Amino acid sequence: MSTTTEISETTLLRFATAGSVDDGKSTLVGRLLHDSKSVLVDQLEAVERASASRGQDAPDLALLTDGLRAEREQGITIDVAYRYFATPRRRFILADTPGHVQYTRNMVTGASRAELTVILVDARNGVVEQTRRHAAIAALLRVPHVVLAVNKMDLVDYQESVFAAIAEEFTAYALELGVPEVTAIPISALAGDNVVEPSANMDWYGGPTVLEHLETVPVTHDLSHCHARLPVQYVIRPQTAEHPDYRGYAGQIAAGSFHVGEAVTVLPSGRASRIAGIDLLGEPVDVAWTTQSVTLLLEDDIDISRGDLIVPSKDAPATTQDIEATVCHVADAALTVGHRVLLKHGTRTVKAIVKDIPSRLTLDDLSLHPHPGQLVANDIGRVKIRTAEPLPVDSYADSRRTGSFILIDPSDGTTLTAGMVGESFASPEPVKDESEDDGWDF
Amino acid sequence: MTTTVAETEGGTEAPYALSHLDALESEAVHIFREVAGEFERPVILFSGGKDSIVMLHLALKAFAPAAVPFSLLHVDTGHNFPEVLDYRDRAVAKHGLRLHVASVQDYIDRGVLKERPDGTRNPLQTLPLTEKIQAEKFDAVFGGGRRDEEKARAKERVFSLRDEFSQWDPRRQRPELWNLYNGRHAPGEHVRVFPLSNWTELDVWQYIAREGIELPEIYFAHEREVFARNGMWLTAGEWGGPKEGETVEKRLVRYRTVGDMSCTGAVDSDAVTLEQVITEIAASRLTERGATRADDKMSEAAMEDRKREGYF
């Protein structure tokens, strides 16, 4: 069934922005929203009213994005906000992350679901510590596409040499971290160069504008290299006259694809069966793939419940109770060795204990502090965790969905930590390691 | 509707990319199933408006061919549009659902709430809503709120913890990582869940068109007796309008949002089909709330303040 509408269905790109306070991030966001007609008249009027009541001459566009009372009062951005805009070619979900002191956890939050990150740099300052932090987080979170937006080109006379030097330095650094793809774009968010419209001031630049790149960057990968994974969310059993024996395993495909007839194994039990049918929200299909929400029907009546993972029998991950991961601590209270926590992986939540914190990472220079004893808010480090039950975890490098987990405080439910299983950076060679031999390299 | 493999002219798009509506639908279904798997007593806030109608449609798809494992909760302001109440009751009957009603009029009749001088009952909904949640011990409450509606809502999590007073504290929200939603809560607390967080008004309309979902007639242009107040066309009626100096006239209008009659305005429109509505919205230079909601204009932080108190 399909209905013709004036506006056709397009694809969806989730992306995040990163930039420190004065890099012009709000201006860039404002321009993307404004030039895609996503800021409407009443919203602009509200900003004008509020700006005027504060005695400001010109509308303060930061008021468009700073949504909370405290943010407007203090003139700062406290938390990640989500913005929406669309062009005829694609729809966008922008995780607008603040560039303030709490940058790490906010950027990790924004980047965890992003397919692309825009890292802003001030052309006058070039690659600075903050830029390296942003690149490191994008690499840690394995964001597939990174855009380096060299902003304020108007303040360096639109010189190609300035841009080229920054782009070269950043790209070399990012590639060393294992960032798979960097697109560098010289822009002036304020003047509008290369954001939505190509710049008349930089003839030497032959690449896409920021928006053009956002519209055309591919949003999926080749699934033939992905391990298929379905975390079971819910067992659907109508038990009605019409469907007396229906027993379906509902979930969102976390990676790869499944097809009818395929031999599958259920983890952690290890029981095997075959896919008898796939329901895609009420309609039978022969094949389904990542991120579709589906219901699998199996040939054999085996015991499967929420928290189990269905995988192809020929490609099952090992289960383990000992997890080594890179984590970003997001709560205000510290994470310490011996901490008893809950670990949510896919649809399964199990008891766990923090056995060791071998190292903490300094994002500025990627150096390691061995055995820090604890991780505090915004720290990134390595942890070893023992879980009460075996979990089928993948390496985060292989699967962002089944290689990630969160730690939860069992006493009050606070989300403590974001975790990524396996090695940290996809670096071809180990980057420098100043610690003792902890058996682990950044 | 089966999935669409998106294709673009340049062939730059990889196969297996979901269309944006399929991606949003899949994400919302995932959220419904997470709640069904993790909570004891979830409920869907259902107003008969387009967002809650889309929520119900998604819930039906998420658990098909089984029944939706949630009941519905309607906060009846006493000033609802009759067409919408009718729609609500038909939907409940059709899908065999259980409906809870929290009634603002009851609270006014009992003297617990007082009518406001401006006649709007929207802020009065908070108490009946939160008391019903506590009384029925609902631990997950689905709302149709979208982040694109309002800048305070842009900060809202998909799983949003409310304390035992149903209050929202925007500064103490849990970071939401990947799609690992954290639904932990203490007894007495509950979680507001927003499966349409990432949808825009246009997405909702496109989805309604794609799925062929029926809506109350007031969403389409029709002749109606209205009068002007605060720059909006309000429906004349016993609820309190027109007052002296306000004159009723017949106009061709439709509604972009459906709420209480006292604060939801109609817009001039001749859009009678879904296609015409979509074209009209795509060309509109006003947000739906800016065009038709008086309550959001009360102060710069009106929505945030009401949400803090427990509003949806």
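Which residues does A:Thr295 touch, not counting residues up to four places away in sequence? Let's start there and work outwards through this predicted model.

## A:Thr295 and its neighbours

The answer is a list that spans two chains. From chain A it has A:Ile236, A:Tyr246, A:Gly248, A:Tyr249, A:Ala250, A:Gly277, A:Ile278 and A:Asp279, and from chain B it has B:Arg33. With B:Arg33 there is also a polar contact: the two side chains are joined at 3.2 Å.

You'll find A:Thr295 in strand β15 of chain A, which runs over residues 293-298. Its relative accessibility is 2%, and buried means under 20%, so A:Thr295 counts as buried. Now look along the chain to A:Ala333, 38 residues apart from A:Thr295: the C-alpha atoms of the two are separated by 39 Å.

## Helix α7, side by side

Next, pick out helix α7 of chain A, residues 160-177. Here's a little check you can follow. The helix has 18 residues, and at 1.5 Å a residue they should span 26 Å; the end C-alpha atoms are 26 Å apart, so the two values agree.

Several residues of α7(A) are buried: A:Val162, A:Phe163, A:Ile166, A:Ala167, A:Phe170, A:Tyr173, A:Ala174 and A:Leu177. They cover an arc of only 140° around the axis, so they sit on the same side of the helix. What lies over these buried residues includes strands β4 (116-122), β5 (145-151) and β6 (182-186) and helix α6 (129-140), which belong to chain A. Turn to the face pointing away from the buried side and you meet the exposed residues A:Ser161 and A:Glu168. Just after the helix comes A:Gly178, with a positive phi of about 95°.

## Two nonpolar cores

Helix α7(A) turns up again in the largest nonpolar core, which has 78 residues. α7(A) gives the most to this core, eight residues. The members that touch the most other members are A:Phe15, A:Leu32, A:Leu141 and A:Phe170. There is also a second, separate core of 77 residues; among its members are B:Phe81, B:Tyr181, B:Trp239 and B:Met261.

What does A:Leu141 touch, leaving out residues up to four places away in sequence? Its partners in chain A are A:Val108, A:Ala111, A:Ser112, A:Tyr396, A:Arg400 and A:Met420, and chain B supplies B:Trp178.

## A buried arginine

Is A:Arg229 buried or exposed? With a relative accessibility of 1%, and a cut-off of under 20%, A:Arg229 counts as buried. This arginine is found in the loop between α8 (210-216) and β7 (230-231) of chain A. Its side chain makes a polar contact of 2.7 Å with the side chain of A:Asp394.

## The two chains as wholes

Time to zoom out. Chain A has eight helices and 25 strands, and 58% of its 442 residues are buried. Take the contacts in chain A between residues at least 6 apart in sequence: 69% of them join residues at least 24 apart. Chain A exposes about 17300 Å², and carbon and sulfur atoms supply 47% of that.

Chain B comes with nine helices and 10 strands, and buried residues make up 63% of its 312 residues. For contacts in chain B between residues at least 6 apart in sequence, 71% link residues at least 24 apart. Its exposed area is about 11300 Å², with 49% supplied by carbon and sulfur atoms.

Note on methods
Residues numbered from 1 in each chain as written. Chains lettered and ligands numbered in written order. Predicted model: local features only at pLDDT ≥ 70, side-chain atom pairs only at ≥ 80, totals over all residues. Heavy atoms only, no water. Helix = DSSP H or I, 4+ residues; strand = E, 2+ residues; numbered from the N terminus. Buried < 20%, exposed > 50% of the residue type's maximum accessible area, 1.4 Å probe, protein only. Contact = heavy atoms within 4.5 Å. Polar contact = N/O pair within 3.5 Å; in protein donor to acceptor, adjacent residues only side chain to side chain. Expected span 1.5 Å × (residues − 1). Arc of directions from axis to C-beta. Areas by Shrake-Rupley, 256 points an atom, 1.4 Å probe, with all protein chains shown as cover. Core = buried A, V, L, I, M, F, W, Y, C linked by side-chain atoms within 4.5 Å.
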